[in-house]
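Let us take a walk through this protein together. Keep the viewer open and follow along, one region at a time.

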Amino acid sequence: MGGALEAAGLPRPPLRLLLNGDEEIGSPASRPLIEEAARDVAAVLVFEASAEGALKTARKGVGIFHLTFTGVEAHAGLEPAKGASAIDELARAVLRLHDLAGPGAGTTVNVGVVSGGTGSNVVAGAARAEVDVRVASRAEAERVDAALAGLRPHDARASIEVRGGWNRPVMERGPGTARLFSLARAVAVDMGLDLRECAVGGASDGNFTAALGLPVLDGLGAVGAGAHARHEHISVEGMIERAALTAGLLRALAMEG
């Protein structure tokens with residue numbers, strides 16, 4: 001798109017392109033490279049898929065936590081009182097964790113995987129849970145962190161260990177991002193398009209750059225539907241439209257200086 005502008009004799013800002021192959025698993029290797037590449041830039045454009053054509057100006061932060069519950073095994077029929085059930089601790093913790101959800105604040109908590117125990121006649125000595133947390137603000141992330149740190153076993157003989165953390169920080173819609181969207185919307189109007197914006201629960205590498213205080217405009221990629229489903233598809237016409245929109249946005253940024 002930058003090359004198309006140059007070929008047409010139109011201005012474009014200096015560009016730095018970063019292609020990432022591990023985004024879908026949380027960008028464990030590429031995050032430092034992304035943050036380093038973004039430290040001296042004026043704006044970040046992210047070519048994640050659109051939301052039915054809308055650009056993404058806010059994304060939730062994502063926390064992935066692994067909880068391990070350790071109890072004391074005992075025969076469930078002969079000496080149940082000598083045991084401390086890790087599964088009982090897990091069940092109590094699940095209720096407390098789901099109570100952390102705050103729909104009004106955009107916070108969701110999902111205990112998506114649980115396992116534990118060795119047999120129906122054994123007081124469980126171990127159990128595990130995997131938890132997905134989504135938050136729309138840093139304040140909510142701090143609230144959830146405090147609640148996780150404050151988890152205590154019901155039975156003093158049991159223990160709870162919390163591992164994991166925030167896979168993606170929150171991407172909040174700040175003034176810089178709002179300005180970027182206004183520029184993109186003006187370009188779209190000239191193209192005869194009604195460009196929309198939205199906030200989404202999924203995260204992207206744009207979350208990392210937004211956390212650095214940079215203006216980020218996400219969702220400039222494919223237009224389609226059915227994300228992660230068998231009927232997932234993109235529009236070829238939409239790709240042409242997106243390329244034109246991006247070229248126009250780059251020209252607008254260049255003319256801003």
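We will go from strands to single residues and then to a pair of helices.

A word on the ground rules comes before the tour. This is a predicted model, in which local features need pLDDT of at least 70 and side-chain atom pairs count only at pLDDT 80 or more, while totals for chains, interfaces and linings use all residues. Residues are numbered from 1 along each chain as its sequence is written, and side-chain values use heavy atoms, with hydrogens and water left out.

Let us begin with a sheet. Helices (H or I, at least four residues) and strands (E, at least two) are DSSP runs, numbered from the N terminus. Two strands count as paired if DSSP finds at least two bridges between them. Strands of a sheet pair through backbone hydrogen bonds, either parallel or antiparallel. Here, an open sheet of 4 strands is arranged in the order β5-β7-β3-β8, and the pairing is antiparallel. Its edge strands are β5 (108-116) and β8 (159-168), each of which pairs on one side only. On average, neighbouring strands of this sheet are turned by 15° against each other, direction ignored; the axes behind such angles are lines fitted to C-alpha atoms, for helices over the stretch in contact, and angles run from 0 to 180 degrees between N-to-C directions.

At one edge, β5 is joined to β7 (residues 126-135) by 8 bridges, with the two strands running antiparallel. To find the register, look for Val-109, which stands opposite Val-133 in β7. At the other edge, β8 holds Gly-165. With a relative accessibility of 24%, Gly-165 is partly exposed; buried means under 20% relative accessible area, exposed over 50%, and partly exposed in between (1.4 Å probe, protein chains only). Gly-165 lies 100 residues from Phe-65 in sequence, yet their C-alpha atoms are 5.8 Å apart. Beyond its neighbours within four places in sequence, Gly-165 is in contact (heavy atoms within 4.5 Å) with Val-62, Gly-63, Ile-64 and Phe-65.

Now turn to β2. Of its 5 residues, 5 are buried, so β2 is largely enclosed by the rest of the structure. It pairs with β9 (residues 197-200) in the parallel sense over 4 bridges, and Lys-56 has Cys-198 in β9 as its bridge partner. Thr-57 also sits in β2 (residues 55-59) and is buried, at 2% relative accessible area. What joins the side chains of Thr-57 and Glu-197? A polar contact of 2.6 Å does; the term covers a pair of N or O atoms within 3.5 Å, where within protein one must be able to donate a hydrogen and the other to accept it, and residues adjacent in sequence count only if both atoms are side-chain atoms. Not counting residues up to four places away in sequence, Thr-57 also touches others, including Met-171, Arg-173, Phe-181 and Leu-217.

Two loop residues deserve a stop. Ser-27, in the loop between α1 (2-7) and α2 (31-38), has a phi near 55°, a positive value in a residue other than glycine. Glu-52, between β1 (44-45) and β2, likewise has a phi near 55°. Ser-27 is buried at 1%, whereas Glu-52 is exposed at 65%.

Finally, look at the helices α5 (residues 175-190) and α7 (residues 236-256), whose axes come within 9 Å and cross at roughly 120°. They are therefore oblique to each other: angles under 35 degrees count as roughly parallel, over 145 as roughly antiparallel, 65 to 115 as roughly perpendicular and the rest as oblique. Among the residues that meet here are Leu-180 and Leu-183 in α5 and Leu-245 and Leu-249 in α7.
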